[in-house]
Amino acid sequence: AALAAAQSAYFLALCEGVVARATDAVALKARSAAVCDTYANQGARNSAILPFTSALSAFCAAATAATVELPFIDTVSTLYGTFGEVVVVSTFPILSSAFAAAAAVSKARCEVDAEAACQAASTLALEYDGMNGSGDDPVLRPFLAVRELISLAVKVGWRNVRKGFINPLNSLWQLSRRAMWRLRRKNDGNRWISRGEDMA
């Protein structure tokens with residue numbers, strides 16, 4: 001009966017280790033999914049401005065064509081000369097190029113977010129069964145985790161014991177120093193009083 005109980009406890013410990021490893025793998029996948037979703041949402045935010053910049057670029061192209069074809073350019077030429085004509089004609093293409101640069105920056109941000117989302121999603125496809133606790137295994141290794149917890153508990157316990165032992169000694173040492181200092185001051189005062197009496 002004792003051997004059967006020991007065997008049952010052993011297999012129960014093995015099963016609990018596998019369950020702990022599986023739970024950690026599920027948590028890791030959930031975290032990877034959350035990170036992937038975060039980067040995807042950030043990429044969606046960055047890409048939301050792209051249609052607006054495209055519409056602004058199209059508006060600038062249409063405004064440039066309208067400026068050239070309408071007689072408005074002749075009036076500007078007669079009032080401000082060639083410089084005014086150049087300013088009016090080149091304003092909308094410059095704005096269009098600025099909007100295109102803004103769209104390029106937003107596109108680059110979307111590409112970075114997409115790459116980060118792909119890297120986060122790649123951990124979802126990992127098969128942790130074949131790693132068996134190797135160095136590249138990101139999943140919890142129960143025996144190593146228990147060893148780390150034991151070492152932390154020992155460190156904290158030793159720190160508390162050391163504080164509990166050293167702090168009273170420090171307090172006793174400080175009290176003795178204060179008592180010696182007061183005694184010395186009292187002796188010095190008595191010496192001054194006796195010297196005064198001798199001089200009198």
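Helices are runs of at least four residues that DSSP labels H or I, and they are numbered from the N terminus. In this predicted model, Tyr10 belongs to helix 1, which covers residues 2-47. The protein as a whole has four helices and zero strands, and read from the N terminus its elements follow the order α-α-α-α.

**Overall picture**

- The protein has 200 residues, and 14% of them count as buried.
- About 15400 Å² of the protein is exposed, and carbon and sulfur atoms supply 66% of that area.
- Among the contacts in the protein with a separation of 6 or more, 78% are accounted for by residues 24 or more positions apart.

**Helix 1, a surface patch and the largest pocket**

- Tyr10, Phe11 and Leu14 together make a nonpolar surface patch of about 310 Å².
- Tyr10 and Leu14 appear again in the lining of the largest pocket, where they are joined by Ala13, Gly17, Val18, Arg21, Pro142, Phe143 and Val146.
- The volume of this largest pocket is about 210 Å³.
- Which helix gives the most to the lining of the largest pocket? Helix 1 does, with six residues, while helix 1 and helix 4 (142-199) each supply at least two residues of that lining.
- As a general point, rolling a probe the size of a water molecule over the atoms shows where empty space is left.

**Helix 2 and its contacts**

- Thr53 lies in helix 2, which spans residues 50-69, and Thr53 counts as buried because its relative accessibility is 6%, where buried means under 20%.
- When its neighbours within four places in sequence are left aside, Thr53 is in contact with Phe99 and Ala103.
- Ser57 is also found in helix 2, and at 18% relative accessible area Ser57 is buried too, because that value falls under the 20% cut-off.
- With its neighbours within four places in sequence again left aside, Ser57 is in contact with Ser96, Phe99 and Ala100, so Phe99 is a contact of both Thr53 and Ser57 by the rule that heavy atoms lie within 4.5 Å.
- Is Ala58, another residue of helix 2, buried or partly exposed? Ala58 counts as partly exposed, because its relative accessibility of 47% lies between the 20% limit for buried and the 50% limit for exposed.
- Ala58 and Ser96 are 38 residues apart in sequence, and their C-alpha atoms are 7.8 Å apart in space.

**Helix 3 and its salt bridge**

- How many salt bridges does the count come to? The count comes to one salt bridge, for which a side-chain nitrogen of Lys or Arg has to lie within 4 Å of a carboxyl oxygen of Asp or Glu.
- Glu111 forms a salt bridge with Lys107, and the closest N and O atoms of the pair are 2.6 Å apart, so this pair falls within the 4 Å limit.
- In general, side chains of opposite charge can pair when their charged atoms come close.
- Glu111 and Lys107 both lie in helix 3 (residues 72-122), where they are four residues apart, which is about one turn of the helix.
- Glu111 counts as partly exposed because its relative accessibility is 45%, and Lys107, at 47% relative accessibility, counts as partly exposed as well, since partly exposed describes values between the limits of 20% and 50%.

Definitions and conventions
Residues numbered from 1 in each chain as written. Predicted model: local features only at pLDDT ≥ 70, side-chain atom pairs only at ≥ 80, totals over all residues. Heavy atoms only, no water. Patch = residues over 30% accessible without salt bridge, like charges linked within 9 Å, V, L, I, M, F, W, Y side chains within 5 Å. Areas by Shrake-Rupley, 256 points an atom, 1.4 Å probe, with all protein chains shown as cover. Buried < 20%, exposed > 50% of the residue type's maximum accessible area, 1.4 Å probe, protein only. 1 Å grid on protein atoms, 1.4 Å probe; cavity = no way out; pocket = protein on both sides within 12 Å on 5 of 7 lines; lining within 4 Å. Points joined across faces, edges and corners; volume = space filled by probe spheres on them.
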